[in-house]
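Student: I have a model to go through. Please take me through it in short steps.

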Amino acid sequence: MLRQVLTRIEQAGALDGASDKLQTAVTSAVRPRTLRDVLHGSLLGHPLHPVLVQLPVGAFLSAAVLDLRPSRSDASTALIGVGLAGVLPAAVAGWVDWSEMTRDRRRIGLVHAATNLVATGLYAGSLIARLTGRSKTGRALSFAGLSVAGVGAFLGGHLSYAQGGGISHAAPEVARVPEEWTVAGSLASLPEGEPVARRAGDTAVLLFREGDRVSALIDRCSHEGGPLSEGPVVDGCVVCPWHGSTFRINDGAVIHGPAGNDQPVLPVRVRDGMVEVRRP
């Protein structure tokens with residue numbers, strides 16, 4: 001039953017009208033590239049949204065534990081206030097990530113956001129009730145908010161783990177690279193200063209030659225799996241041709257989003273004129 005509900009949400013084309021308008025609004029509102037990079041987590045090499053979510057989730061869970069002991073109501077009230085303060089930055093980072101996703105993921109993300117909005121409203125009501133002396137109502141609203149937030153967290157988990165939203169699409173490719181040194185091509189066949197794709201076993205690998213030095217990255221972009229080797233190289237960085245994620249070639253560090261994860265780098269050596277790579 002639960003799986004059927006999730007499938008229906010994923011396939012709910014009726015959500016696309018609102019989703020497309022919101023995507024345009026988010027893109028227009030958060031236009032500066034540096035700000036988008038910060039919100040994507042590109043500067044961290046890790047998506048920022050799940051990091052920021054820890055504050056409201058931790059505060060709300062802690063308040064629920066303290067609510068089981070009515071004598072600690074002042075502490076619960078303070079925690080709910082802290083949790084509400086942490087909702088906005090977490091939500092903004094989440095919306096920016098959402099705006100770069102495919103439609104099926106955005107449908108789940110839209111319901112995820114709506115559920116969290118309801119939970120936030122319940123917690124805001126709880127805070128007001130507590131501050132006005134209606135502690136029982138405040139506790140009831142906060143437990144209701146925690147329950148709704150749990151549904152939102154479940155949808156967020158489905159978005160990440162089942163649909164692959166926000167994960168590194170390059171990471172699974174590393175496990176397919178042979179553990180032993182494997183020839184990916186000859187040094188002479190690599191153009192100077194241009195990315196090219198070669199294969200190591202079943203995995204596409206980006207090779208970049210500078211003189212006798214060769215760098216090797218997983219070719220599949222960590223953001224949505226785009227072919228990095230087909231993108232341009234600018235100032236020592238390769239730019240994904242699909243969505244513009246930018247990675248430093250020598251260490252795979254993400255420089256610009258929408259990618260929030262670094263690009264996996266492979267060990268590489270040149271032996272007898274052949275370029276060899278292996279799994280890290």
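Tutor: One point before the annotations: UniProt positions are given in the numbering used here, and annotations may be inferred rather than shown by experiment. The model itself is predicted.

Student: Which residues does UniProt list as "transmembrane region"?
Tutor: The listing comes from an unreviewed UniProt entry. The residues given there are 48–66, 78–96, 108–129 and 141–161.

Student: How much of the span 141–161 is helix, and how far apart are its end C-alpha atoms?
Tutor: Strand makes up 0% of residues 141–161. The span is 100% helix, and its end C-alpha atoms lie 30 Å apart.

Student: And what are the helix content and the end distance for residues 48–66?
Tutor: Here too the strand content is 0%. Helix covers 89% of residues 48–66, and the end C-alpha atoms are separated by 28 Å.

Student: What are the helix and strand contents of residues 182–277?
Tutor: The unreviewed UniProt entry lists this range as "domain: Rieske". Its end C-alpha atoms are 5 Å apart. Residues 182–277 are 0% helix and 46% strand.

Student: Is Ala-90 buried or exposed?
Tutor: Ala-90 sits in helix α6, which runs over residues 73–98. Buried means under 20% relative accessible area. Ala-90 has 5%, so Ala-90 is buried.

Student: Which residues does Ala-90 touch, not counting those up to four places away in sequence?
Tutor: The C-alpha atoms of Ala-90 and Gln-54 are 8.8 Å apart, with the two positions 36 residues apart along the chain. The residues that Ala-90 touches are His-49, Leu-52 and Val-53.

Student: Is α1 roughly parallel or roughly perpendicular to α7?
Tutor: Helix α1 spans residues 2–10 and helix α7 spans residues 103–131. Their axes come within 8 Å and cross at roughly 115°. Angles of 65 to 115 degrees count as roughly perpendicular. Therefore α1 is, relative to α7, roughly perpendicular.

Student: How many nonpolar, polar and charged residues are in the contact of α1 with α7?
Tutor: From α1 come Leu-6, Ile-9 and Glu-10; they meet Asp-104, Arg-107, Ile-108 and Val-111 in α7. By class, that contact has four nonpolar, no polar and three charged residues.

Student: How many of the contacts in the protein chain with a separation of 6 or more join residues 24 or more positions apart?
Tutor: The protein chain holds nine helices and ten strands. Of its 280 residues, 43% count as buried. Among contacts with a separation of 6 or more, the share from residues 24 or more positions apart is 59%.

Notes: Residues are numbered from 1 along each chain as its sequence is written. This is a predicted model: local features need pLDDT of at least 70, side-chain atom pairs count only at pLDDT 80 or more; totals for chains, interfaces and linings use all residues. Side-chain values use heavy atoms; hydrogens and water are left out. Helices (H or I, at least four residues) and strands (E, at least two) are DSSP runs, numbered from the N terminus. Axes are lines fitted to C-alpha atoms, for helices over the stretch in contact, and angles run from 0 to 180 degrees between N-to-C directions. Angles under 35 degrees count as roughly parallel, over 145 as roughly antiparallel, 65 to 115 as roughly perpendicular and the rest as oblique. Contact means heavy atoms within 4.5 Å. Ala, Val, Leu, Ile, Met, Phe, Trp, Tyr, Cys and Pro count as nonpolar, Asp, Glu, Lys and Arg as charged, and the others, Gly among them, as polar. Buried means under 20% relative accessible area, exposed over 50%, partly exposed in between (1.4 Å probe, protein chains only).
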